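Hi everyone, thanks for making time for this. I'd like to walk you through one model, so let me put it up on the screen.

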Amino acid sequence: MTGRDRMVLIGVLVLVALGAAWMLAVSPERKQASQLSAEVSAAQTQLSSAEGKVASARAAQSQYAAAYAAVVNLGKAVPPTQEVPALIDQLAQATNEKSVNFASITSTGASSSASGVSSTFAQLPFTFTFEGSYFDLEHLFRQLTAFATPTAAGALQVDGRLLTIQSVRLAPSSNSSQPGESGAGHLTGTITATAYTLPASQGLTAGASATSPASATTPASSASSATSSTTPAAIVKVTP
Amino acid sequence: MRAVNLLPMEQRTGQSVGVGRSQGGAYAVLVLVGGLALMAFLYGEAKHQVSSRRTQVASLNEQAQQAQVAAERLAPYTSFIALRNQRMQAVETLIDSRFDWAHVMHEFGRVLPSQASISSLSGTIGAAGSSVSVAPAATSASTPLAGAGSSAATASATPPGSVPTFTLTGCATSQSTVALTLERLRLIDGVKEVTLQSSTAGSASNGGGAAVAGACSGRDASFNATVSFDPLPSAAAAASATKSVSDQTGAASATTTAAPKTSLGSGVTAR
């Protein structure tokens with residue numbers, strides 16, 4: 001064996017030794033480091049998602065007081081129960097403002113669930129009878145729909161019960177119930193309208209208090225599944 | 001003369017420079033040691049990376065878990081906000097789906113000429129059966145319309161796409177006034193079509209205040225017309241339309257005092 005052959009052999013042995021060191025020690029560690037790098041990325045993504053949820057939840061927490069007030073305020077438009085006395089008071093107040101006589105209120109059917117967008121609300125049909133002039137009645141109709149109206153800013157202004165007028169019938173009044181009236185221009189207006197109530201499965205605030213929500217607040221998605229209400233109809237007839 | 005090689009035997013031709021006595025083994029050892037040092041450095045670096053990344057993953061997982069716990073703790077707030085949004089949207093949709101009866105009544109009073117009067121006004125919105133009716137004087141309306149409540153149980157009183165249609169019955173002093181009335185009715189915002197059903201002038205023999213068909217007196221023409229409105233928009237479109245209608249209503253209210261007098265029924269006069 002010449003000296004050159006020995007040098008080649010030694011070089012090969014050195015390379016084999018270094019290759020073995022690479023394969024057995026360095027490469028597995030580098031591979032593991034690479035895998036851990038992917039795990040770090042996944043963990044960072046998970047953390048970002050969780051932090052996003054926390055930020056959203058904290059934003060909801062900061063809005064809670066306003067949201068609670070809004071929900072309670074919406075309860076004036078759509079209460080959890082029939083609240084017929086409040087409806088009568090509201091109508092009586094409106095008629096007093098418009099010089100209209102509030103003659104009667106009659107429940108015209110059992111409460112039923114509305115389909116479509118109002119699936120969470122139960123319907124309460126009523127028939128109201130008012131007496132007044134054409135334009136007084138017109139203003140009254142406007143006020144009946146103005147109990148719950150959208151504002152120009154896109155918000156909701158709720159001053160009373162949400163009513164959907166479905167039919168209106170005006171006829172000259174057969175008798176003038178108010179003293180001093182001649183009867184000319186005096187009309188009887190019969191209005192069929194629908195009021196709404198929240199489903200029985202939900203309360204006004206779904207168990208939330210003014211300071212904190214209920215731990216088991218009904219989610220919005222599941223709340224919409226309650227579509228029917230078996231609440232009996234309000235049987236009310238008032239003739240002031 | 002014989003040449004003599006003065007170089008030592010180990011340094012003569014055929015031997016690599018620097019091989020020396022170890023026959024290149026020293027270089028091989030040096031290369032091996034250097035290579036192993038490099039491998040040790042790379043191994044250590046990789047080991048450090050593994051260690052630090054393990055720590056980082058553990059830290060991130062812990063933070064994520066804490067965030068999850070915090071989010072779950074605050075979940076009722078999120079649910080409550082969702083409940084609020086759902087209710088507001090439902091109420092807004094119901095509000096937007098309403099038909100503005102008051103505005104239409106106001107418009108009828110605003111556009112009718114002073115020489116014309118309405119004796120009957122009935123309106124229907126699509127299949128919902130909603131109606132406005134101003135009955136003649138002979139009709140008693142003291143009894144509530146108990147049967148009308150059945151229409152209230154329908155899904156929506158004014159579903160999108162339904163067409164509000166009103167039927168007018170009234171009196172005018174002449175046929176020209178009837179024509180003017182039809183033209184004026186077209187001025188109501190949202191009116192799509194005004195169709196005359198009939199217009200019949202009273203005969204001279206019925207003069208002197210005697211009642212005729214349609215409760216018109218003398219030579220007054222009794223007319224019957226149908227007013228069709230544009231189909232009701234969807235809830236989203238209605239929301240934007242409500243604003244414009246509201247603005248127009250405000251403008252119309254300002255003109256109420258200047259509107260012509262409209263006679264309703266028999267001797268019922270509205271400003």
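Before the first stop, one definition: a surface patch here is built from residues with over 30% relative accessible area and no salt bridge, and nonpolar side chains such as Val are joined within 5 Å. Please also keep in mind that this is a predicted model.

With that in hand, look at chain A. Val8(A), Val12(A) and Val16(A) make up a nonpolar patch on the surface, and together they have about 250 Å² of accessible area. Take Val12(A), which sits in helix α1 of chain A, residues 3-62. Its relative accessible area is 44%, so Val12(A) is partly exposed, and that value is over the 30% that a patch residue needs.

Now let me step back to the chains as a whole. Chain A has 5 helices and 8 strands. Starting at the N terminus, its elements go α-α-α-β-β-β-α-β-β-β-β-α-β. Chain A has 240 residues, and 46% of them are buried.

Chain B, for its part, has 5 helices and 7 strands. Its pattern along the sequence is α-α-α-β-β-β-α-β-β-α-β-β. Here 38% of the 271 residues count as buried.

Next, how do the two chains pack? Two packed helices are described by the angle between their axes and the distance between the axes. Let's start with α1(A) and helix α1 of chain B, residues 25-73: their axes come within 7 Å and cross at roughly 15°. Angles under 35 degrees count as roughly parallel, and α1(A) and α1(B) are therefore roughly parallel to each other. The crossing of these two helices, α1(A) and α1(B), is left-handed.

There is a salt bridge to look at on this pair of helices. Which residue of chain B does Glu29(A) form a salt bridge with? The partner is Lys47(B), with the closest N and O atoms 3.4 Å apart. Glu29(A) belongs to helix α1 of chain A and Lys47(B) to helix α1 of chain B, so this pair joins two chains. Is Glu29(A) buried or exposed? With a relative accessibility of 10%, Glu29(A) counts as buried. Lys47(B), on the other hand, is at 40% and counts as partly exposed.

The second packing pair is helix α4 of chain A, residues 134-146, with helix α3 of chain B, residues 101-111. Their angle is about 150°, and the axes are 8 Å apart. That makes α4(A) roughly antiparallel to α3(B), because angles over 145 degrees fall in that class. The crossing of α4(A) and α3(B) is left-handed.

Both of these helices carry a salt bridge of their own, so let me take them in turn. In α4(A), Glu138(A) and Arg142(A) are 4 residues apart, about one turn of the helix. Their side chains meet in a salt bridge, at 3.1 Å from N to O. Glu138(A) is buried, with a relative accessible area of 0%, whereas Arg142(A) is partly exposed at 22%.

Over in α3(B), Glu107(B) forms a salt bridge with Arg110(B), and the closest N and O atoms are 2.9 Å apart. Glu107(B) and Arg110(B) are 3 residues apart in helix α3 of chain B, which separates them by about one helical turn. Glu107(B) is buried, with a relative accessible area of 2%, while Arg110(B) is partly exposed at 29%.

While we're on α3(B), have a look at how covered this helix is. Of its 11 residues, 10 are buried. Among them are Trp101(B), His103(B), Met105(B), His106(B) and Phe108(B), and Glu107(B) from the salt bridge belongs to the buried set as well.

If you're keeping a tally of salt bridges, the count over all chains comes to 3.

One last stop, back in chain A. Thr108(A) sits in the loop between β1 (101-107) and β2 (112-113). Is this loop residue, Thr108(A), buried or exposed? Its relative accessibility is 16%, so Thr108(A) counts as buried, the cut-off for that being under 20%. And how far apart are Thr108(A) and Phe128(A) in sequence and in space? They are 20 residues apart in sequence and 9.9 Å apart in space, C-alpha to C-alpha.

That's the tour. Thanks for listening, and I'm happy to rotate the model for anyone who wants another look.

Methods. Residues are numbered from 1 along each chain as its sequence is written. Chains are lettered from A and ligands numbered from 1 in the order in which they are written. This is a predicted model: local features need pLDDT of at least 70, side-chain atom pairs count only at pLDDT 80 or more; totals for chains, interfaces and linings use all residues. Side-chain values use heavy atoms; hydrogens and water are left out. Patches are made of residues with over 30% relative accessible area and no salt bridge: like charges are joined within 9 Å, nonpolar side chains (Val, Leu, Ile, Met, Phe, Trp, Tyr) within 5 Å. Accessible areas come from the Shrake-Rupley method with a 1.4 Å probe; for residues, only the protein chains shown count as cover. A salt bridge is a side-chain nitrogen of Lys or Arg within 4 Å of a carboxyl oxygen of Asp or Glu. Buried means under 20% relative accessible area, exposed over 50%, partly exposed in between (1.4 Å probe, protein chains only). Axes are lines fitted to C-alpha atoms, for helices over the stretch in contact, and angles run from 0 to 180 degrees between N-to-C directions. Angles under 35 degrees count as roughly parallel, over 145 as roughly antiparallel, 65 to 115 as roughly perpendicular and the rest as oblique. A crossing is left-handed if the near helix is turned anticlockwise from the far one by less than a right angle, and right-handed if clockwise.
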